[in-house]
Amino acid sequence: WQVWDLVGRLGGQLRVLPGAVIGWDMSAALALGDALGVPPAVAAELVPVIEAVMVAKLNEQMERPNG
């Protein structure tokens with residue numbers, strides 16, 4: 001649940017290019033996780049996996065005509 005809470009707070013930490021989301025600012029994500037008490041090893045293992053799904057889904061959504 002701690003990682004899910006962390007991920008929910010990362011909306012403002014997106015790295016984007018014109019027309020595409022490329023991921024979260026991982027330094028900020030890990031720093032925020034540390035501040036929230038998420039064990040660093042857990043955040044380092046799980047956040048990138050969740051990030052990959054988030055990036056795929058957001059980019060897929062942006063490609064739709066009604067985005």
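Which residues make up the largest nonpolar core here? Hi everyone, let me answer that right away, with the reminder that we are looking at a predicted model. Twelve residues form this core: Val3, Leu6, Val7, Leu10, Val21, Trp24, Ala29, Val38, Ala43, Val47, Met54 and Val55. At least two of them come from each of helix 1, strand 2 and helix 3. Helix 3 is the top contributor, with four residues.

Let me step back to the whole chain for a moment. We have three helices and two strands, and from the N terminus the order is α-β-β-α-α. Along the principal axes, the C-alpha atoms fill a box of roughly 40 × 20 × 15 Å. Of the 67 residues, 24% are buried. If you like contact maps, take the contacts with a separation of 6 or more: 59% of those link residues 24 or more positions apart.

Now to the two strands, 14-17 and 20-24. Strand 1 and strand 2 run antiparallel and are joined by four bridges, with leucine 17 standing opposite alanine 20. Together the strands make a hairpin with two residues between them. In that turn, glycine 19 has a positive phi of about 85 degrees.

On to helix 3, which covers residues 40-63. Its 24 residues should span 34 Å at 1.5 Å a residue, and the end C-alpha atoms are indeed 34 Å apart, so the two values agree. There is a bend, though: about 25 degrees at leucine 46, with proline 48 following within four residues.

Which residues of helix 3 are buried? They are Ala43, Val47, Glu51, Met54, Val55 and Asn59. It helps to recall that an α-helix has 3.6 residues a turn, so residues three or four places apart point the same way. The cover over these buried residues includes helix 1, strand 1, strand 2 and helix 2. Alanine 43 is a nice example: beyond its sequence neighbours up to four places away, it touches Leu6, Leu30, Val38 and Pro48.

Let me finish with a polar residue, asparagine 59, also in helix 3. Is asparagine 59 buried or exposed? The cut-off for buried is under 20% relative accessible area, and asparagine 59 has 17%, so it counts as buried. Leaving aside neighbours within four places in sequence, asparagine 59 is in contact with Gly19, Ala20 and Val21. The side chain of asparagine 59 reaches the backbone nitrogen of valine 21 at 2.7 Å. Valine 21, you may remember, belongs to the largest nonpolar core. Thanks for listening!

Definitions and conventions: Residues numbered from 1 in each chain as written. Predicted model: local features only at pLDDT ≥ 70, side-chain atom pairs only at ≥ 80, totals over all residues. Heavy atoms only, no water. Core = buried A, V, L, I, M, F, W, Y, C linked by side-chain atoms within 4.5 Å. Buried < 20%, exposed > 50% of the residue type's maximum accessible area, 1.4 Å probe, protein only. Contact = heavy atoms within 4.5 Å. Expected span 1.5 Å × (residues − 1). Bend = angle between axes of the 7 residues up to and from the residue. Pairing = 2+ DSSP bridges. Polar contact = N/O pair within 3.5 Å; in protein donor to acceptor, adjacent residues only side chain to side chain.
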